[in-house]
Amino acid sequence: MPVTVELERVRKCYDGVVAVDCLSMSMSAGEIFGLLGPNGAGKTSTIRMMIGITRPDSGTIRLFGAPLARKSLLGAGYLPEERGLYRRMTVRENLLFLGELAGLSRARALERGRAWTVRMGLERWFERRIEELSKGMQQKVQFAAALIHEPEFIVMDEPFGGLDPVGANDLKEILLELKAQGRTIVLSTHRMDQAEKLCDSICLVSGGRAIVQGNLREIKRQYGECCIQIDYTGADTLMAGHPMVAARRGFGNHLELELKPGADPQALLREAAAVARISRFELMEPSLEEIFIDRVGRRDA
Amino acid sequence: MLEWQGARRIGIITRREYLQRVRTRSFILSTILLPLIFASLAWLPAIVSEQIAAELGAGPHKTMRLAIVASETGLAAAVEAELKRRDPGAFTATLENNPSAQLRADLDRKIRARTLDGYLWLESGGSGVRSAIFARRASAGVAAARQLEAAVWFASTERKLAPLGIGLDEARRLIAPISFTTADVIAPSTLPIGEVALAMVAVLTRRMFVSLLSYGVMVMRAVLDEKSSRITEVLMCSTSAGELMTGKVLGIGAIGLTQVTVWFSIAAVVVAANPATHAAASSFNAGAGAIAWFIVFYLLGYLLYSSIHAAVGASFNSTDEAQQWTFMIMLPLLATTLMIEPALIAPNSALVVAGSIFPLSAPVLMYARLLVARPPIWQIGLSLIVLIATVWAALSISARIYRVGVLMYGKRPTLREVVRWLRYA
């Protein structure tokens with residue numbers, strides 16, 4: 001897949017405080033990329049540079065294979081964390097204005113705006129002012145505004161905030177649809193459960209630096225191979241004091257093991273099967289949240 | 001191509017700023033209704049005094065019923081003839097040649113009963129009229145009294161000249177008033193202006209001041225609104241800070257121009273319709289010149305003040321935070337208002353001249369001087385050059401502050417921080 005966005009050794013300071021430091025990452029077409037991290041990690045600063053709102057102090061950013069330029073930015077859509085719409089203007093006026101500004105003709109902006117409003121189930125609210133809409137509805141309009149010009153590169157900062165479960169599910173479907181169309185989506189969030197379900201790749205940032213990044217499955221595998229759950233029938237002492245086991249927690253017929261680095265789970269399975277009846281043997285992947293807490297906590301310690 | 005795209009985006013932003021404001025009820029109210037109310041207020045005194053005059057029976061279009069009392073034979077008739085010669089329709093006179101206390105009491109009663117508007121009581125001495133009393137109902141018109149005085153003087157003088165063998169026509173020729181006018185060899189630097197005209201100039205000048213202040217503040221509010229609603233971030237994804245600020249300043253500037261145009265049109269109609277103000281307007285540099293200069297100085301002054309306001313708006317998070325700074329911006333304008341009065345009375349005094357060149361007060365003071373005086377060309381030129389240079393500097397500095405400021409949330413920045421923003425990429 002072609003690379004859509006590429007950051008190389010990007011650095012940004014504000015008043016002597018380093019917001020982003022030596023950050024490199026890349027996102028490909030047809031991928032949902034999770035930009036994760038605690039509050040104040042530098043996510044918003046990174047996003048702002050990606051879509052040309054601010055410029056990095058050093059390092060380079062390439063969009064669609066070329067250095068950032070206003071023209072190529074027309075192919076980017078942005079959903080900010082805090083909602084930005086004109087409260088006194090109607091849904092139609094907002095979408096028309098933002099669509100035109102993003103390079104659409106007036107007629108096309110109106111057509112696309114109407115289509116998205118229907119898609120979001122807001123057609124009855126098309127001529128209503130934003131301030132008359134509920135928070136969730138405003139969020140949907142914001143969503144439509146970010147996508148109205150059919151951008152190839154979509155950046156969403158905390159897109160699920162303010163949405164009810166049904167709305168969140170609708171949004172998830174749309175994101176997957178956009179991904180299937182080959183668009184690149186950056187999801188910035190600190191909601192790890194959402195990222196886990198949607199993202200193909202992630203970059204975990206903390207203190208302006210990337211701590212963990214890459215394919216989500218691979219990252220999980222790296223972390224997950226050293227944790228095993230076993231359901232069995234046999235002696236309570238199964239695997240106790242085994243040289244490959246770093247930690248052991250027994251709960252009757254349920255056993256949780258943390259393996260030492262380099263330990264082979266297959267060998268362990270064979271040994272266990274030899275002395276007990278195994279009904280379940282599972283290599284546990286840690287949740288993204290666990291990795292997050294582990295890495296960020298370790299860094300802060 | 002890209003340049004054109006930028007201009008297109010500025011156009012879209014300008015149009016939104018303009019249309020969103022033009023459609024509001026408050027804009028329509030303040031633009032059309034308010035001046036109409038003021039205009040009708042200006043008419044009110046004229047209408048009222050006409051009503052009073054009509055009530056008193058001596059309105060400008062009514063014939064005055066007059067009695068002329070003189071014991072001297074032929075005098076009353078001569079005065080009547082003279083009045084008729086001056087304005088045949090103005091008076092109808094009944095002549096009396098037997099003055100007595102009884103007659104006078106009778107006439108007074110008739111005035112009270114409103115069957116008579118006034119009478120002339122002429123007393124003659126050795127050589128013609130010695131004294132004349134014009135008895136009338138209160139405030140029956142100054143114009144009538146003046147007419148009567150002139151007529152009595154003429155009639156009396158003619159009668160004095162007659163024994164010397166000077167005929168009526170000859171006498172009139174002799175005592176005809178002299179046409180006396182002044183001519184200036186060196187063109188005066190101040191225009192001869194009456195009180196009404198001065199009041200009108202003061203209104204125009206104050207309008208300039210209010211426009212500069214209110215539209216500047218409007219720009220600041222607009223920037224703060226967008227910043228606090230976080231829409232700036234969305235906009236900056238598809239447009240640059242420079243385009244955003246330009247569109248905003250242009251859109252609100254166009255609002256101001258619209259409002260001023262409507263006001264001027266209403267004012268022109270009102271002024272033209274009222275003979276007193278119409279005459280006054282032609283005594284100073286009114287008309288196309290006054291409007292053209294207003295637009296020139298309004299635009300330059302607006303660009304200056306709105307760009308400063310935009311920078312202040314971008315630097316802070318709320319109107320409250322920005323208050324201290326808006327007051328600082330207002331100070332030079334407030335100081336300027338104190339100089340409007342002196343500028344109209346002594347437009348060429350040193351302080352006023354200096355103020356009309358100093359860029360922060362030039363839009364108001366140079367405009368005031370252009371209305372009431374003929375400032376030297378070099379002063380007008382210098383004022384414009386300094387102003388344009390300042391506008392350019394203010395726009396480029398403000399654009400830099402704006403670019404950084406609109407994305408800065410959280411704590412209120414110090415002046416030193418704002419200065420540091422100027423250096424950001």
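Let us start at a single residue: setting aside neighbours within four places in sequence, Thr63(B) is in contact with Gly89(B), Ala90(B), Phe91(B) and Thr92(B). Please keep in mind as you look around that this is a predicted model.

Where does this threonine sit? Thr63(B) belongs to the loop between helix 2 (25-56) and strand 1 (64-70) of chain B. Thr63(B) has 15 C-beta neighbours inside 10 Å and therefore counts as partly exposed, since a residue needs 20 or more to be buried and 12 or fewer to be exposed. The C-alpha atoms of Thr63(B) and Pro88(B) are separated by 9.5 Å, although the two residues are 25 apart along the chain.

Another threonine of chain B invites a visit. Thr319(B) is part of helix 12 (residues 319-345) of chain B. With 15 C-beta neighbours inside 10 Å, Thr319(B) counts as partly exposed. Its C-alpha atom and that of Asp225(B) are separated by 9.3 Å, with their positions 94 residues apart along the chain.

**The two chains in outline**

Here is how the chains are built, side by side.

| Chain | Residues | Buried | Helices and strands |
|---|---|---|---|
| Chain A | 301 residues | 40% | 10 helices and 14 strands |
| Chain B | 425 residues | 36% | 16 helices and four strands |

The C-alpha atoms of chain A fill a box of roughly 75 × 45 × 35 Å along the principal axes. In chain A, 69% of the contacts between residues at least 6 apart in sequence join residues at least 24 apart. For chain B, residues 24 or more positions apart account for 76% of the contacts with a separation of 6 or more.

**Where the chains meet**

The contact between the chains takes 25 residues from chain A and 20 residues from chain B. On the side of chain B that touches chain A, helix 1 (2-22), helix 8 (231-238) and helix 16 (415-421) each supply at least two residues. Which of these helices gives the most? That is helix 8 of chain B, with seven residues. By class, this side of chain B has nine nonpolar, five polar and six charged residues.

Helix 8 of chain B deserves another look. Eight of its eight residues are buried, so this helix is largely enclosed by the rest of the structure. The buried residues of helix 8 of chain B are Ile231(B), Thr232(B), Glu233(B), Val234(B), Leu235(B), Met236(B), Cys237(B) and Ser238(B).

**Nonpolar cores**

In soluble globular proteins, nonpolar side chains tend to be buried together. Here the largest nonpolar core has 141 residues, of which Ile148(A), Val155(A) and Leu187(A) touch the most other members. Helix 7 (residues 195-228) of chain B provides the largest share of this core, 14 residues.

What surrounds Val155(A)? Not counting residues up to four places away in sequence, Val155(A) touches Ile47(A), Met50(A), Ile51(A), Ala76(A), Tyr78(A), Leu79(A) and Val186(A). There is also a second, separate core of 23 residues, with Val79(B), Leu83(B), Tyr119(B) and Ala151(B) among them.

**Two helix pairs**

Two packed helices are described by the angle between their axes and the distance between the axes. In chain A, the axes of helix 3 (residues 91-101) and helix 5 (residues 135-147) come within 9 Å and cross at roughly 25 degrees. That angle makes helix 3 of chain A roughly parallel to helix 5 of chain A, because angles under 35 degrees count as roughly parallel. The crossing of this pair is right-handed. Helix 3 of chain A contributes Val91(A), Asn94(A), Leu95(A) and Leu98(A) to the contact, and helix 5 of chain A contributes Val141(A), Ala144(A) and Ala145(A). These residues divide into six nonpolar, one polar and no charged.

In chain B, helix 13 (residues 350-357) and helix 14 (residues 362-372) pack at an angle of about 125 degrees, with their axes 7 Å apart. Helix 13 of chain B and helix 14 of chain B are therefore oblique to each other, and their crossing is left-handed. Val352(B), Gly355(B), Ser356(B) and Ile357(B) of helix 13 of chain B meet Ala362(B), Leu365(B), Met366(B) and Arg369(B) of helix 14 of chain B. This contact has five nonpolar, two polar and one charged residue.

Methods
Residues numbered from 1 in each chain as written. Chains lettered and ligands numbered in written order. Predicted model: local features only at pLDDT ≥ 70, side-chain atom pairs only at ≥ 80, totals over all residues. Axes fitted to C-alpha atoms, helices over the stretch in contact; angles between N-to-C directions. Parallel < 35°, antiparallel > 145°, perpendicular 65-115°, else oblique. Left-handed = near helix turned anticlockwise from the far one by under 90°. Contact = placed C-beta atoms within 7 Å. Nonpolar A, V, L, I, M, F, W, Y, C, P; charged D, E, K, R; others polar. Core = buried A, V, L, I, M, F, W, Y, C linked by C-beta atoms within 7 Å.
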